[in-house]
Amino acid sequence: MEPLIDIKNLRVDFALRSGTVRAVRDVSLSIGRGERLGIVGESGAGKSVLGFSIINLISKPGRITGGEIIFGGEDISRYSYEKMRHIRGNHISMIFQDPMMTLNPVLTIGTQMKETILAHMDVSDEEAEAICLDKLKKVYIPSPEKRLKQYPHEFSGGMRQRIVIAISLLTNPKLIIADEPTTALDVTIQAEIMSLLLELCENENMGLILITHDLAVVSEVTQRIAVLYAGKVVEIGPTDRIIGSPQHPYTRGLLRALPQMAEGKRRLNQIPGMMPSLLNMPKGCPFQPRCEVRLDRCLREIPVLTKAEGGAQVACFRCQGGDQ
Amino acid sequence: MTAILDIKNIDKHFDISGTILDQLRLDGGRITRKRTVVKAVNGVTLSVMPGETLSVVGESGCGKSTLARTVMGLYRPNRGEILYKGERIDNLSSSQMLPYRTKMQMVFQDPYASLNPRMTVRQILEEPVRLHNPSLNRDEVHDKVAEVMRRVGVDPVWSTNYPHEFSGGQRQRISIARALVVDPEFIVADEPIAALDVSIQAQILNLLMDAQEERGLTYLFISHDLSVVEHISSRVCVMYLGCVCELGPAAELFANPRHPYTQALLSAIPRLGGKAGGHTRLSGDVPTPINLPSGCVFHGRCPHAGKRCMTEAPAPRTMQSGVVVACHAVAEGRI
């Protein structure tokens with residue numbers, strides 16, 4: 001089956017005064033229709049830049065400097081601003097971390113929602129309002145008619161994120177990119193938002209790219225997970241497989257560091273050190289300075305993603321059978 | 001065993017009504033003066049035992065950080081008493097409080113904000129040592145700082161660097177070093193790992209647990225991350241709208257939550273390999289702490305609320321398992 005979106009060898013560079021930072025390093029990913037993919041990694045791994053680059057929302061001095069993003073048979077990474085606007089509104093939507101920053105505080109919810117509809121669809125004002133009400137019901141906003149006339153500050157944090165989701169649904173997109181959509185929210189609200197996203201994706205056969213640092217959250221919602229480290233995908237595969245039997249030492253370390261995985265031991269497993277600066281990358285495998293099962297080869301060569309058991313791909317020489 | 005810290009029936013309210021002009025309202029043709037008060041902490045009673053980790057959990061706005069700051073004397077409670085080893089500390093002046101400050105230390109959430117950017121790490125760490133031990137000479141202070149830095153895993157050669165030259169995890173290590181350098185007995189940690197990445201969180205939690213083991217420290221740990229709390233606490237206190245709902249041994253409370261709010265809160269924890277949507281749904285949102293609901297503060301969202309819950313605040317009751325629950329439905333045997 002043809003994938004919904006196919007990212008090939010994507011490269012994103014930020015030209016800074018102190019040097020060029022390659023935030024996304026030759027990432028290849030594809031996502032099927034209605035598929036839910038999680039992108040996990042720690043801060044600075046490049047997961048947000050990757051998400052933003054799909055709809056070309058990277059701000060200067062960042063730039064896509066290589067690779068392709070195939071959507072609907074065309075490479076959208078080279079699209080003009082106008083053509084990209086069409087994709088962004090109609091086919092791919094984005095949900096950001098902080099709903100208070102995403103919504104305009106001086107406009108009512110109704111104005112903001114209708115603005116989006118009228119920019120992308122040829123409908124009358126009444127029809128637009130009907131679409132708004134329909135979407136607000138889908139995200140379980142009580143008394144939507146009244147709510148349309150209210151301002152963002154009149155909503156709680158969880159309600160605001162529901163509104164943002166409703167806005168992202170307005171044009172019936174095929175793919176939603178959600179960048180840490182619940183990081184600013186409490187755990188009870190997070191549970192509500194995640195179950196809502198899951199329900200909407202399943203009902204509407206919508207694709208989802210969920211960008212988060214929280215492995216537990218991602219495991220509850222997605223079908224596949226890509227683990228990002230220093231701008232590279234180090235492991236990708238079915239969610240059960242990544243959570244159940246992670247292969248890459250970094251993925252293993254991340255999972256074992258979670259208190260849920262401590263299995264009665266008091267001390268948590270920790271990954272020594274920290275992620276390298278993108279300006280000063282180590283030679284060979286980017287994870288090599290922190291890796292406990294490092295080989296000589298890891299110091300010299302950069303491992304590429306290779307097929308592993310259970311439909312996964314891993315970029316690690318150790319997982320590929322050692323030092324041949 | 002006597003408690004290291006006793007919190008007795010503490011209230012902390014903040015008046016946010018502003019100036020007298022802000023308080024005046026026109027009400028039915030008459031000018032009235034109205035005060036707006038945020039009731040952050042309401043009637044909290046807790047004892048912290050020596051050597052334990054007591055965690056306070058709850059959603060944002062539940063008053064857990066206010067409680068921590070009140071304990072440290074950063075806020076003065078409106079009502080109630082705080083006793084440290086049997087001595088009252090909530091009404092002391094700052095000079096009377098000074099000797100307690102070597103025993104009680106605090107670690108804050110954001111290591112970017114809690115370290116002075118214009119001081120080097122050495123200055124940051126030496127300041128509390130000099131203040132509390134004026135008799136130490138320069139070399140002794142120097143040695144003490146170097147020892148604590150090594151202990152928290154920051155090489156003393158970096159002591160002439162400034163906070164911005166360190167990563168988030170390293171900065172939090174420095175914050176912990178600043179607390180440890182005066183040899184405290186009791187540490188209040190207010191969300192110490194909330195700003196950190198998963199792999200760094202584990203490093204900091206291990207550091208806190210190691211320090212506890214070596215020095216016999218007692219922690220009052222404030223967090224919203226329930227799986228972390230489950231892992232490190234001996235006892236857990238669940239707060240909602242400034243009130244304690246449930247308090248008990250961590251293992252018992254997580255295995256067998258009794259209060260309806262605790263049940264809902266714990267069910268919302270994302271689990272590895274679980275599926276979203278299995279949580280207990282609560283109706284509505286957390287009310288503002290400005291107009292507290294009458295009776296039980298949770299009654300508006302509680303699936304088990306009865307008539308009594310709307311009028312009468314439930315008193316804490318100790319269950320057979322040792323867990324303290326403030327809920328009429330539990331007391332009446334309805335749940």
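In the predicted model, R300(A) is found in α12 of chain A, a helix that covers residues 296-300. R300(A) is exposed, with 12 other C-beta atoms within 10 Å; the cut-off for an exposed residue is 12 or fewer, so R300(A) falls in that class. Leaving aside residues up to four places away in sequence, R300(A) touches K283(A) and G284(A). G284(A) lies 16 residues from R300(A) along the chain, and the C-alpha atoms of the two are separated by 4.5 Å.

A second helix of chain A, α5, comprises residues 125-138. The 14 residues of α5(A) reach 20 Å from the first C-alpha to the last, close to the 20 Å expected at 1.5 Å a residue. Buried positions in α5(A) are I131(A), C132(A), K135(A) and L136(A). Viewed down the axis of α5(A), the buried residues fall within an arc of 135°, so they line one face of the helix. The face turned away from this buried side carries E126(A) and K137(A), both exposed. The cover over the buried residues of α5(A) includes α4 (109-120), α6 (144-147) and α7 (157-169) of chain A. Just after α5(A), a positive phi of about 60° is found at Y140(A).

Among the strands of chain A, β3 (residues 36-40) is mostly covered, with five of its five residues buried. R36(A), G38(A) and V40(A) point one way from β3(A), while L37(A) and I39(A) point the other way. In a regular strand the side chains alternate between the two faces of the sheet. In β3(A), the residues pointing either way are all buried.

β3(A) pairs with β8 of chain A (residues 207-212) in the parallel sense, over five bridges. In this pairing, I209(A) of β8(A) is the bridge partner of L37(A). β3(A) is also joined to β9 of chain A (residues 224-229), by four bridges, and these two strands run parallel. Opposite G38(A) stands I225(A) of β9(A), and opposite I39(A) stands A226(A), also in β9(A).

β9(A) is likewise mostly covered: six of its six residues are buried. R224(A), A226(A) and L228(A) point one way from β9(A), and I225(A), V227(A) and Y229(A) point the other way. The two residues named above as facing β3(A), I225(A) and A226(A), thus appear in opposite groups, and both are buried. β9(A) further pairs with β10 of chain A (residues 232-238), in the antiparallel sense and over six bridges. Within this pairing, L228(A) stands opposite V233(A) of β10(A). β9(A) and β10(A) form a hairpin with two residues between them. A230(A), in the turn of this hairpin, has a positive phi of about 45°.

Between the chains, 36 residues of chain A are in contact with 34 residues of chain B. On the side of chain A that touches chain B, the elements giving two or more residues are α8 (187-204), α9 (215-221), α10 (239-244) and α11 (249-256) of chain A. The largest share, seven residues, comes from α8(A). By class, this side of chain A has 17 nonpolar, twelve polar and seven charged residues.

Chain B contains 13 helices and 14 strands. The radius of gyration of chain B is 22 Å, close to the 20 Å that the globule rule gives for 335 residues, so chain B is as compact as a globular protein of that length. Taken along the principal axes, the C-alpha atoms of chain B fill a box of roughly 70 × 55 × 40 Å. Of the 335 residues of chain B, 44% count as buried. Among contacts in chain B with a separation of 6 or more, 66% are accounted for by residues 24 or more positions apart.

Eight strands of chain B form an open sheet with mixed pairing, in the order β8-β9-β10-β5-β11-β12-β14-β13. The edge strands of this sheet are β8 (104-107) and β13 (317-318) of chain B, each of which pairs on one side only. Within the sheet, β5 (residues 53-57) and β11 (residues 235-240) of chain B run parallel and are joined by four bridges. In this pairing, R235(B) of β11(B) is the bridge partner of L54(B).

Methods
Residues are numbered from 1 along each chain as its sequence is written. Chains are lettered from A and ligands numbered from 1 in the order in which they are written. This is a predicted model: local features need pLDDT of at least 70, side-chain atom pairs count only at pLDDT 80 or more; totals for chains, interfaces and linings use all residues. Two residues are in contact if their C-beta atoms, placed from the backbone, lie within 7 Å. Ala, Val, Leu, Ile, Met, Phe, Trp, Tyr, Cys and Pro count as nonpolar, Asp, Glu, Lys and Arg as charged, and the others, Gly among them, as polar. The radius of gyration is taken over C-alpha atoms; the globule rule is 2.2 Å times the number of residues to the power 0.38. A residue is buried if 20 or more other C-beta atoms lie within 10 Å of its own, exposed if 12 or fewer, and partly exposed in between; C-beta atoms are placed from the backbone. Two strands pair if DSSP finds at least two bridges between them. The expected span of a helix is 1.5 Å times one less than its number of residues. The arc is that of the directions from the helix axis to the C-beta atoms.
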